[in-house]
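Welcome to a short walk through a structure, one selection at a time. Open your viewer, and let us go from stop to stop together.

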2 protein chains.
Amino acid sequence: MKILVVEDDEGIASFLKQGLEEELFSVELCDNGEDALYLAQINAYDMIVLDLMIKGIQGDAVCQKLREKKLHTPIIVLSAKSTISDKVGLLHLGADDYLTKPFSFEELLARIHVQLRKQNDKEPLLKVADLELNPLTKSVTRSGESITLTAKEYMLLEYLMRHRGAIIEEKSLEEQLFSSEQSINSNMVSVYMYRLRSKIDKNFERKLIKTHRNLGYSLNENAL
Amino acid sequence: MKILVVEDDEGIASFLKQGLEEELFSVELCDNGEDALYLAQINAYDMIVLDLMIKGIQGDAVCQKLREKKLHTPIIVLSAKSTISDKVGLLHLGADDYLTKPFSFEELLARIHVQLRKQNDKEPLLKVADLELNPLTKSVTRSGESITLTAKEYMLLEYLMRHRGAIIEEKSLEEQLFSSEQSINSNMVSVYMYRLRSKIDKNFERKLIKTHRNLGYSLNENAL
DNA sequence: CTTCCACAACTAAAATTTTCATCGTACCCT
DNA sequence: AGGGTACGATGAAAATTTTAGTTGTGGAAG
């Protein structure tokens with residue numbers, strides 16, 4: 001699980017990083033709006049923790065822009081103020097939850113877990129171009145035709161679709177497929193990519209799975 | 001993940017049950033010391049949440065007795081008082097953490113997660129009779145001889161050993177082996193039991209894995 | 001422009017997991 | 001005690017996962 005923490009204050013940032021890493025999340029830090037926007041779009045985060053008062057573009061604007069770009073990653077906003085207008089406005093801008101400083105680490109952690117769990121219920125049908133995946137029935141179709149996947153193939157595809165558009169490094173995919181058990185020296189991700197492609201992309205003109213040499217893979221309807 | 005909640009106050013009890021079940025724990029309730037002792041010994045709980053002030057045998061005594069019987073399940077104590085003597089005493093009696101009322105549900109949840117994680121680090125070597133399992137190296141020996149297990153076989157054995165002595169229902173084992181994905185109508189647990197037995201018990205006089213018809217299985221050095 | 005290197009794609013075989021059908025046995029009922 | 005039934009054990013085939021090795025390809029260096 002990858003989390004992006006956007007936080008100005010170095011002390012809080014490293015405190016959060018350390019705490020979250022102890023919870024076995026993989027954490028990346030960033031201290032300004034521009035980088036946040038860039039990173040959130042290029043990486044496959046499962047969660048964004050976003051301080052409102054940061055350098056450059058403000059948190060609320062970051063939040064809004066990400067949603068405009070159809071980024072679906074849950075966002076938890078951290079804020080010093082706690083006025084009503086703040087809260088309502090934020091949720092409108094696309095934040096999923098907010099927390100006013102000061103807050104306890106455990107409170108943040110609980111909120112993160114709530115959001116991660118909600119993800120599953122939120123999107124009833126994942127779509128990329130004419131490829132559709134229904135997480136409830138675990139069924140997949142492309143151009144209406146049903147496609148049968150094995151468990152691991154399905155896991156891989158669901159993960160790709162939940163992070164559609166982003167470039168996902170092989171390490172993340174591996175983590176997803178083999179929950180944290182280390183299996184160094186293994187080309188299984190590439191093997192599964194091959195299988196997935198042969199089922200998802202092979203018979204279609206428009207290829208959805210893309211390889212980004214030295215970076216990872218992505219699932220994308222654009223040329224990119 | 002199975003949690004036993006020992007709580008007198010019906011309101012709190014059902015609140016905890018509901019909250020924990022939303023977190024995907026499987027919860028059992030009990031409102032007095034005697035039942036708590038009995039249930040904790042007969043079932044394979046992963047965690048016990050224990051109120052100090054309960055009917056019958058008091059919480060501290062329950063805690064102490066369970067530890068005397070070598071039950072290793074983590075115990076989180078709930079207490080109305082918050083005097084220092086309480087805290088120190090409890091930890092001596094074998095509790096792993098305590099929480100003073102009133103507490104927020106999220107705080108309890110966080111403590112539970114901490115304890116569950118600690119479990120892994122706490123016991124460096126699991127033993128039942130001459131059967132030994134090292135969770136770090138994932139290696140298993142019986143009477144000193146090394147035994148090679150596949151991933152699923154290992155998972156099953158580790159789970160049995162972490163709950164040694166208790167009768168574990170098939171449903172729990174299934175949940176453990178196939179993280180929550182439902183696979184109704186499947187005898188895989190019995191298939192794996194068979195395999196495990198053929199590696200662990202077959203060549204030995206003393207059988208450690210026991211079947212309890214209509215109840216489940218247990219791993220035990222006693223005749224039982 | 002060629003060569004080389006690193007990475008990814010592919011293939012095939014081995015190992016494991018999962019399913020399925022059948023067998024054995026404890027327990028209940030009469 | 002005999003018979004029925006339900007549950008667990010067993011064996012083996014089918015499917016999937018994993019490993020290992022080979023082939024292909026893009027980009028850097030010469």
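**Stop 1: two helices that cross.** Before you start clicking, keep in mind that this is a predicted model. Select helix 1 and helix 5 of chain A and look at how they cross: the crossing is right-handed. Helix 1 covers residues 10-22 and helix 5 covers residues 105-122, and their axes come within 11 Å, crossing at roughly 60°. Which word describes the way helix 1 and helix 5 of chain A lie to each other? At that angle they are oblique, since roughly perpendicular would need 65 to 115 degrees.

Now show the side chains at this contact. From helix 1 of chain A, pick A:F15, A:L16, A:G19 and A:L20; they meet A:F105, A:L108, A:L109 and A:I112 of helix 5. If you colour the contact of these two helices by residue class, you will find 7 nonpolar residues, 1 polar residue and no charged ones.

**Stop 2: the whole of chain A.** Zoom out and select chain A. Its secondary structure comprises 8 helices and 11 strands. Turn the C-alpha trace along its principal axes, and it spans about 55 × 35 × 30 Å. How does the radius of gyration of chain A fit with a compact globule? For 224 residues such a globule would have a value near 17 Å, and chain A has 18 Å, so the two agree.

**Stop 3: another helix pair in chain A.** Next, select helix 6 (residues 151-162) and helix 8 (residues 188-200) of chain A. Their axes are 10 Å apart, and the helices pack at an angle of about 80°. Helix 6 is therefore roughly perpendicular to helix 8 in chain A.

Bring up the side chains here as well. On helix 6 of chain A the residues to show are A:K152, A:E153, A:L156, A:L157 and A:L160, which meet A:Y192, A:M193, A:R195, A:L196, A:K199 and A:I200 on helix 8. By class, this contact of helix 6 with helix 8 in chain A divides into 7 nonpolar, no polar and 4 charged residues.

**Stop 4: a sheet in chain A.** Select strands 6, 7, 8 and 9 of chain A. These 4 strands form an open sheet in the order 6-7-8-9, and their pairing is antiparallel. Strand 6 (126-128) and strand 9 (145-147) of chain A are at the edges; each has a single partner strand, so one side of each has no neighbour in the sheet. On average, neighbouring strands of this sheet are turned by 25° against each other, direction ignored.

Move to the middle of the order. Strand 7 (residues 131-134) and strand 8 (residues 139-142) of chain A run antiparallel and are joined by 4 bridges. To find one bridge, select A:L133: its partner in strand 8 is A:V140. Then bring back helix 6 of chain A, which packs on the sheet and touches strand 6, strand 7 and strand 8; its direction makes about 110° with that of strand 7.

**Stop 5: over to chain B.** Select strands 6, 7, 8 and 9 of chain B. Here 4 strands form an open, antiparallel sheet in the order 6-7-8-9. Its edge strands are strand 6 (126-128) and strand 9 (145-147) of chain B, each pairing on one side only. The twist averages 25° from one strand to the next.

Strand 7 (residues 131-134) and strand 8 (residues 139-142) of chain B pair over 4 bridges in the antiparallel sense. Which residue of strand 8 of chain B is the bridge partner of B:N134? Select B:S139 to see it. For the last view, add helix 6 (residues 151-162) of chain B: this helix lies across strand 6, strand 7 and strand 8 of chain B, running at about 110° to strand 7.

Definitions and conventions: Residues are numbered from 1 along each chain as its sequence is written. Chains are lettered from A and ligands numbered from 1 in the order in which they are written. This is a predicted model: local features need pLDDT of at least 70, side-chain atom pairs count only at pLDDT 80 or more; totals for chains, interfaces and linings use all residues. Side-chain values use heavy atoms; hydrogens and water are left out. Two strands pair if DSSP finds at least two bridges between them. Helices (H or I, at least four residues) and strands (E, at least two) are DSSP runs, numbered from the N terminus. Axes are lines fitted to C-alpha atoms, for helices over the stretch in contact, and angles run from 0 to 180 degrees between N-to-C directions. Contact means heavy atoms within 4.5 Å. Angles under 35 degrees count as roughly parallel, over 145 as roughly antiparallel, 65 to 115 as roughly perpendicular and the rest as oblique. A crossing is left-handed if the near helix is turned anticlockwise from the far one by less than a right angle, and right-handed if clockwise. Ala, Val, Leu, Ile, Met, Phe, Trp, Tyr, Cys and Pro count as nonpolar, Asp, Glu, Lys and Arg as charged, and the others, Gly among them, as polar. The radius of gyration is taken over C-alpha atoms; the globule rule is 2.2 Å times the number of residues to the power 0.38.
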